[in-house]
Amino acid sequence: MYKIGILFENREFEHDVYELIKAFYPEAEIHTLYEDDEAEYDLRFCVERDNENYFIKYDRKENPEIKETEIKGVASAEVITDSAVKDPHALRKENKDSIKYALYQLLVKLTGRTLPWGNLTGIRPAKLAMGMIESGMKNTEAAQEMREKYLVSPQKTALAITIANREREILKDIDYENGYSLYIGIPFCPSICLYCSFSSYPLKVWEKRSDEYVEALCKEVRETALMMKGRKLDTIYIGGGTPTTLLPHQIRKLLDTVGEAFGYEGLAEFTVEAGRPDSITREKLMAIREYPVTRISVNPQTMNQETLEIIGRKHTVDQTKEAFHLARELGFDNINMDLIVGLPGEDIHMVERTLEQIRELAPDSMTVHSLAVKRAARLNIFKEKYQEMSFENNQEIMDLTMKTAYEMEMGPYYLYRQKNMKGNFENVGYAKVDKAGIYNILIMEEKQPIIALGAGGSSKLVFDHGKRIERVENVKDVSNYISRIDEMIERKRTAIATWL
Ligand code: SF4
């Protein structure tokens, strides 16, 4: 395996430097070092700083057969710190932008490649575009800055600017800075997908304790509603896991409790992510229909049966179609479908086959994810088993998904990136004109607090108009969540009191 060492003289921009190098060398083993070591690296960077400048130097071991290190020379990067800039946050950002700009140029030189999102390593490129537009820049000026300062490709720049504008349009009637959203997590799934890195557990193991889970969750719902009294609740999102692993009486109990505690009046959106087709039944959908739920998801990920089997989703393509038709029959008029591109063994023709079948179903929105193999996913843990398999994702596939979305009268409305994404692409939500998922925008733009309930729930409290975000985490383990529910509630109470 290609081995890279990064020697940091100080840790100032450690994370950004690491992420950018990783984006160019996704398969490499990368070591971060804080003092010189004797180990041999195929490529070694050194990030240094004196009073005025940052320097990125590198040396490269060109030919492993010859046991000597070939020094290519000091590469790039004089990055001038501007003492005239007073605000330390602004100064830090300026230095960070400069160092990433220089490093990106160096990496392009070393690899002969460019990246679609240029030197951006964060997960929210549309937020960057939104910030520029909100600061008074015209679309053309924001686009120019994205292309020239962050070296984003023209195509991705256009996508980010388009999405930022649509988000502004969708959010314009919501007083989001004074409101908040609620996330409720159901951490069970019928089986665990190969690529999953969420807090999810097989339903079979937890079936007997799911009532206890709902009981603890309802307690958290009631107590949190008291903490948030007097504040406007804008959206509710029930996700997971798979919310429809709950039985109809559990769904009713949860939704009754949420309604009694928070009230359903004045919500801009209420989503229940039904998710896995093998968990959806007529009775469960009918239970959901008794409440003012405005949006659901039926998620195929792929419409290729052989891939479903490889990725451990133990349902059939037909089950996806049946669940979708059932939801339509019961009157759900805003149904999202999630897809993943870059799944093991899938080429563009297989993606095309999936898209054709999605088009026939005609959902109201479609979210296209690029496969991201996170550390915890079984796909990563068992990577040797899958190493013979191709993981294909490219711009042609991304273009095909966008073209199909447009043909279904959907436009892009939200966007985010994840670490370790195949091909360094993005996840894009497409929706028909009035069917966009508002919660998705709010969570990505970090415009308002998201209060998260349930095992693994991570609440985000927004301070100073989004300049500072603080998280409050619930424990992930279901058993711990149930037994420590009072502690979770107190944790939240303390954090919310600070925020208020
Ligand atoms: S359905 Fe989603 S949450 Fe459940 S195991 Fe699969 S990827 Fe994980």
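Biologist: Hi! How do the residues of the shell around the ligand divide into nonpolar, polar and charged?
Modeller: The shell divides into 6 nonpolar, 3 polar and 2 charged residues. Here Ala, Val, Leu, Ile, Met, Phe, Trp, Tyr, Cys and Pro count as nonpolar, Asp, Glu, Lys and Arg as charged, and the others, Gly among them, as polar. This is a predicted model, where local features need pLDDT of at least 70 and side-chain atom pairs count only at pLDDT 80 or more, while totals for chains, interfaces and linings use all residues. Residues are numbered from 1 along each chain as its sequence is written, and side-chain values use heavy atoms, with hydrogens and water left out.

Biologist: Which residues are around the ligand?
Modeller: They are Cys189, Ser191, Ile192, Cys193, Tyr195, Cys196, Phe198, Ser200, Gly241, Arg276 and Arg313. A residue is listed if one of its heavy atoms lies within 4 Å of the ligand.

Biologist: Now His315, is that buried or exposed?
Modeller: His315 is buried, with a relative accessible area of 2%. Buried means under 20%, exposed over 50%, and partly exposed in between, using a 1.4 Å probe and protein chains only. His315 lies in the loop between α10 (305-310) and α11 (317-329); helices are DSSP runs of H or I with at least four residues, strands are E runs of at least two, and both are numbered from the N terminus.

Biologist: And what is His315 in contact with, leaving aside neighbours within four places in sequence?
Modeller: Arg276, Pro277, Asp278, Pro300, Gln305, Leu308 and Thr320, where contact means heavy atoms within 4.5 Å.

Biologist: Switching topic, how many salt bridges are there?
Modeller: The count comes to 31, taking a side-chain nitrogen of Lys or Arg within 4 Å of a carboxyl oxygen of Asp or Glu. One of them joins Asp97 and Lys93 at 2.8 Å, N to O.

Biologist: Where do those two sit in the helix?
Modeller: Asp97 and Lys93 are 4 residues apart in helix α2 (residues 88-111), so about one helical turn separates them. Asp97 is buried at 10% relative accessible area, whereas Lys93 is partly exposed at 39%.

Biologist: What about Glu446 and Arg124?
Modeller: Their side chains also meet in a salt bridge, at 3.5 Å, N to O. Glu446 is in the loop between α15 (438-445) and β16 (450-453) and Arg124 in the loop between α2 and α3 (125-134), so the pair ties together parts 322 residues apart in sequence. Glu446 is buried at 13% relative accessibility, and Arg124 counts as buried at 18%.
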